[in-house]
Amino acid sequence: MKSIKKVLPIFLMSTTILTACGGSGDSSGSDGKDTIAIDKTPLETGVIDRFADVQVLQYDIPGFYELSLDQQKLVYYLYEAGLAGRDIIWDQNYRHNLAIRNCLEHIVENYEGDKSGEEWNNFMVYTKRVWFSNGIHHHYSMDKFLPKFSREYFDQLIADSGAELDVAIRDIMFDPKADKKRVSLDDSKDLILNSATNFYGENVTQADVDGFYAEKMANAGAHPVEFGLNSQLVKNDDGTVEERVWKVGGMYNDAIVEVVKWLELAKGVAENEEQGKALGLLIEYYQTGDLQKWVDYNITWSQATEGDIDYIQGFVEVYGDPVGMRGSYESIVQINDFEASDRMAVLAENAQWFEDNSSIMDEHKKADVVGVSYKVVNVAGESGDSSPSTPIGVNLPNNNWIRAEHGSKSVSLGNIVEAYNNVGGEGILTEFAHDQEEIDRTIAHGKIGSKMHTAMHEVIGHASGKINEGIGTPKETLKNYASTLEEARADLVALYFLLDEKLVELGLIESTEVGKAEYDDYIRNGLMVQLRRLEPGADIEEAHMRNRQLVAAWAFEKGQKENVIEKVKRDGKTYFEIHDYEKLRVIFGDLLREIQRIKSEGDFAAGKALVEDYGVKVDQAIHKEVLDRVATLDIAPYNGFVNPVITPIKDENGEIVGFELKQPESFEAQMLSYSKQYGHLAK
């Protein structure tokens, strides 16, 4: 385990009158009274915990103390709104998660027996895995992880600590066959019945879902809402199905009421009229559950691009639903990184050039790429599906017609990327790179290559291409393959242009060596390195992993005749070496054209064939080799984060006059405190 860095002290003294955090931090106020000086030294970051296949990191919040007091209040209120809904993702992920969490945490806090043995250590690892994944299924593979302590030991812990958990739920925890997959994408079986997600009630089938929404989708017109996004679909005793809407007065009421409370406070300190209007629409959506309000909110939010603070809040991404309809609760609070955003805004300004010069068919190109907004932001707090495991880039809204007509926002989470880079080592690179030239190029250009790939994926990738007239949404036409194909399409847009001199001309990269470094990394990761995240014998289920293998495997196969990418065996180890980067770019362009055609035409059969043939099955010999090679490196495959703690400082009248930032004591401490403070559904 890497060493854990100590947290800097924040408070330096204590009196009743304090300086506003946006000021200089002097020790005297304008009225001559003593004030508190707040230490604005950046928070130290590093590894705060390590267990199983995970390491937990810390991040700083650059720019927080440069904000005005009202802006800091806005960040804080949005931060609290996000955490207020934390229990929702736990229940969405699996129907017994909250009960299991309550039991595990009661044991952690109340068990007074021996805590030095292997069984207790295994219990704590299991508990931390549950915390990290917001439930008992792995956050990435979706597989249920089994306890490595005995059932008898667990029963004794419950008895000795006074915890409670139904015997039937204990049985499920230890049964390798029960609810074993949170999201199953194996379309040879019923996707709903074979997924443990709590988006659907007991005995709801895939046919039930298709039947319930068929008429709605058929009559939706050119501007459909995202049907099913904010509800659980359940089956009644008479066999009919209905939605249980997530709203005030509906399902998840107690948590949503708290979310709305904090959003109301955030609206009161909005930076501008458009931002306030968007927050008001989001509040109305939560109060009514009306999906048209969600449409109105997304249009307003996507165009509210002024100001220093932004946020993602709601039932957003649909990767947790096997049929890609229902949105997982998430929240990300963001502070603009002005210098980095100004540097990267050039991508958005040139979005039309990239569309016009793409390899996709002319009839699938947008004549007018609308309103792509790109910013580098620093995260100030995350919750729900974005925490502890977080994305590094986001492009929203997801509704295709809103994006086409009103634009979208793309963000790169700068301080999260920086935190990853600070703890990253070169062990994986030196183990899997073919030669020293590849290693040197990655060290020199890999970081900027990765950042450019993320930016282009989000800004021009997701904004590219159009759906043919009369074709339904990708959710309707491509179904459970829609997410994988969309991520592959966005990746391919980025890959295609990373080797283009246009990026040098725009001043975004120094040379196309950056593109070559990213090509090396993409092939290396897609064909080998990412397999370290899978259990032996497993197929690939997660959409992003499927996408990366699909692209890399297809490119490898199509380039074999001209030896574009060579599979090399040396000293009993496998490597992949790119011999011709320009030809590989052409291959990426060919695949981009085909995937855009599939999406534009709604060609389900071709989309399914691409994903199943190239993205799902794993070369088991390669997989075993990868696992053997990474085992010697002791590098965790997954990273996640604790949030810095934002605490308001109040004067003698209870008014907020500043804020304290500090790192949590530990991952365990933050998880326990969150359950106490934000356990609105787990009482």
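Lys-479 is placed in the loop between α17 (474–477) and α18. In this predicted model, Lys-479 has a positive phi of about 50° although it is not a glycine. With a relative accessibility of 41%, Lys-479 counts as partly exposed. A positive phi is also found at Asp-634, again not a glycine, with a value of about 55°. Asp-634 belongs to the loop between α24 (620–631) and β12 (638–641). The relative accessible area of Asp-634 is 52%, so this residue is exposed, given that the class begins over 50%.

Two cis peptide bonds are described next. One joins Ser-387 and Pro-388, with omega at about 0°. Pro-388 lies in the loop that runs between β7 and β8 (393–396). Another cis peptide bond joins Leu-396 and Pro-397, and here omega is about 5°. Pro-397 is found in the loop between β8 and α13 (400–406).

A further loop residue is His-364, located between α12 and β7 (372–384). His-364 has a relative accessible area of 1% and is therefore buried. Apart from neighbours within four places in sequence, the contacts of His-364 are Glu-355, Gly-465, Lys-466, Asn-468, Gln-596, Arg-597, Ser-600 and Glu-601.

Arg-597 also appears in the packing of two helices, where Leu-591, Glu-594, Ile-595, Arg-597 and Ile-598 in α22 meet Ala-606, Gly-607 and Leu-610 in α23. By class, this contact of α22 with α23 comprises 5 nonpolar, 1 polar and 2 charged residues. Two packed helices are described by the angle between their axes and the distance between the axes. For helix α22 (residues 581–601) and helix α23 (residues 604–616), the axes cross at roughly 135° and come within 9 Å. The two helices α22 and α23 are therefore oblique to each other.

A second helix pair consists of α4 (residues 118–133) and α5 (residues 151–161), whose axes are 11 Å apart and which pack at an angle of about 80°. This angle makes α4 roughly perpendicular to α5. The contact is formed by Glu-119, Trp-120 and Phe-123 in α4 with Tyr-153, Phe-154 and Leu-157 in α5. By class, the contact of α4 with α5 has 5 nonpolar residues and 1 charged residue, with no polar residues.

Aromatic rings were examined as pairs, of which the structure holds 38. In one of these, Trp-294 and Tyr-297, the ring centres are 5.3 Å apart and the planes stand at 35°, so the pair is tilted. Trp-294 and Tyr-297 are 3 residues apart in helix α10 (residues 291–303), which means that about one helical turn separates them. Trp-294 is buried, with a relative accessible area of 4%. Tyr-297 is buried as well, with a relative accessible area of 2%.

The pair formed by Trp-353 and Phe-497 has ring centres 5.9 Å apart and planes at 55°, so this pair is tilted. Trp-353 lies in helix α12 (residues 351–356) and Phe-497 in helix α18 (residues 482–498), so the pair ties together parts that are 144 residues apart in sequence. The relative accessible area of Trp-353 is 26%, which places this residue in the partly exposed class. Phe-497, in contrast, is buried, with a relative accessible area of 1%.

Ring pairs also link residues into a cluster, made up of Phe-199, Trp-246, Tyr-252, Tyr-285, Tyr-286, Trp-294, Tyr-297, Phe-315 and Tyr-329. Both members of the tilted pair in helix α10, Trp-294 and Tyr-297, thus take part in this cluster.

Charged side chains over aromatic rings complete the description. Lys-409 lies over the face of Trp-301, at 4.2 Å from the ring centre. The charged end of Arg-585 is placed over the ring of Tyr-496, 4.1 Å from the centre of that ring.

Technical notes:
Residues are numbered from 1 along each chain as its sequence is written. This is a predicted model: local features need pLDDT of at least 70, side-chain atom pairs count only at pLDDT 80 or more; totals for chains, interfaces and linings use all residues. Side-chain values use heavy atoms; hydrogens and water are left out. Rings of Phe, Tyr and Trp (its six-membered ring) pair if their centres lie within 6.5 Å; planes under 30 degrees apart count as stacked, over 60 as edge-to-face and the rest as tilted. Helices (H or I, at least four residues) and strands (E, at least two) are DSSP runs, numbered from the N terminus. Buried means under 20% relative accessible area, exposed over 50%, partly exposed in between (1.4 Å probe, protein chains only). A charge sits over a ring if NZ of Lys or CZ of Arg is within 6 Å of the ring centre and within 35 degrees of the ring normal. Axes are lines fitted to C-alpha atoms, for helices over the stretch in contact, and angles run from 0 to 180 degrees between N-to-C directions. Angles under 35 degrees count as roughly parallel, over 145 as roughly antiparallel, 65 to 115 as roughly perpendicular and the rest as oblique. Contact means heavy atoms within 4.5 Å. Ala, Val, Leu, Ile, Met, Phe, Trp, Tyr, Cys and Pro count as nonpolar, Asp, Glu, Lys and Arg as charged, and the others, Gly among them, as polar.
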